[in-house]
Amino acid sequence: MDEADVEGDLVNVLFTEKQIHDKLAELAAVIESDYDGRDVLIVGILRGAVMVMADLARSFHRHVEMDWMAISSYGSGTKSSGVVRILKDLDTDITGRHVLIVDEIIDTGLTLSWLTSNLASRNPASVEICTLLRKPEALQMPVEVRYVGWDIPNEFVVGYGLDYKERYRNLRDIGTLAPHVYS
């Protein structure tokens with residue numbers, strides 16, 4: 001789905017599909033260098049990180065193992081509820097493994113703070129975070145993020161996995177959602 005398919009729903013496009021792919025290739029190169037000689041398990045956070053995870057994994061020039069978690073702290077609105085629950089847990093035992101959590105956006109930090117603590121309790125060799133987007137102004141909980149694509153303003157964004165009421169996930173670009181859509 002392109003911007004023309006949702007005409008009037010976006011205020012502006014922040015990042016095009018090409019810019020996103022270039023940024024993910026950049027992040028993959030740094031991650032590969034940092035994990036040189038070590039296996040890494042990349043853990044995608046469903047559903048939003050599907051696009052990021054797929055394109056990040058395809059940007060690597062080495063094998064990576066993938067697993068998925070589904071966690072939720074969002075209701076049907078535009079703000080985090082602060083209550084985290086696991087909807088789907090890992091299938092992989094992470095004891096002694098280098099784990100890289102891959103997410104599409106860090107908003108309040110509440111979910112990822114909880115998740116890193118949860119995964120750290122499972123005795124991995126390391127737990128790091130990679131996110132395509134981060135909203136520094138929205139952070140309510142400090143979260144150590146090793147790999148960040150872009151910092152963005154505290155606006156409601158959709159596309160490339162990011163949704164509003166399960167819509168816009170398949171938009172190829174990332175854009176700011178017009179307030180009339182969600183108010």
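A: Let's start with a definition: a residue is buried under 20% relative accessible area, exposed over 50%, and partly exposed in between. Keep in mind that this is a predicted model.

Q: Okay, then how does Tyr 182 count, with its 30% relative accessibility?

A: At 30%, Tyr 182 falls in between the two limits, so it counts as partly exposed. Phe 156 has 14% relative accessibility, which makes it buried.

Q: How do I describe a pair of aromatic rings?

A: You give the distance of the centres and the angle of the planes. Searching the whole structure turns up four aromatic pairs. One of them is Phe 156 with Tyr 182, a tilted pair at 5.5 Å centre to centre with 50 degrees between the planes.

Q: Which parts does that pair tie together?

A: Phe 156 is in the loop between strand E7 (147-151) and E8, while Tyr 182 belongs to helix H4 (residues 179-182), so the pair links parts 26 residues apart in sequence. Tyr 164 comes in too: ring pairs join Phe 156, Tyr 164 and Tyr 182 into a cluster.

Q: Where does the charged end of Arg 167 sit?

A: Over the ring of Tyr 168, 5.9 Å from the ring's centre.

Q: On to sheets. How do strands of a sheet pair?

A: They pair through backbone hydrogen bonds, in either a parallel or an antiparallel way. Here, an open sheet of three strands follows the order E1-E9-E8, and the pairing is antiparallel. E1 (10-15) and E8 (157-158) are the edge strands, each with a single partner, so one side of each has no neighbour in the sheet. Between E1 and E9 (residues 174-177) there are four bridges, and Leu 10 has Leu 177 as its bridge partner in E9.

Q: And where do nonpolar side chains tend to be in soluble globular proteins?

A: They tend to be buried together. In this model the largest nonpolar core has 27 residues, and Leu 56, Leu 100, Leu 132, Leu 133 and Ile 174 touch the most other members. Among the elements that each supply at least two of its residues are helix H2 (50-59), strand E5 (98-106) and strand E6 (126-134). Helix H1 gives the largest share, five residues.

Q: What does Leu 133 touch, not counting residues up to four places away in sequence?

A: Its contacts include Phe 15, Trp 150, Val 157, Leu 162 and Ile 174. There's also a second, separate core of 17 residues, with Val 99, Leu 112, Ile 129 and Val 145 among them.

Terms used: Residues numbered from 1 in each chain as written. Predicted model: local features only at pLDDT ≥ 70, side-chain atom pairs only at ≥ 80, totals over all residues. Heavy atoms only, no water. Pairing = 2+ DSSP bridges. Phe/Tyr/Trp six-rings, centres within 6.5 Å; stacked < 30°, edge-to-face > 60°. Buried < 20%, exposed > 50% of the residue type's maximum accessible area, 1.4 Å probe, protein only. Lys NZ or Arg CZ within 6 Å of the ring centre and 35° of its normal. Core = buried A, V, L, I, M, F, W, Y, C linked by side-chain atoms within 4.5 Å. Contact = heavy atoms within 4.5 Å.
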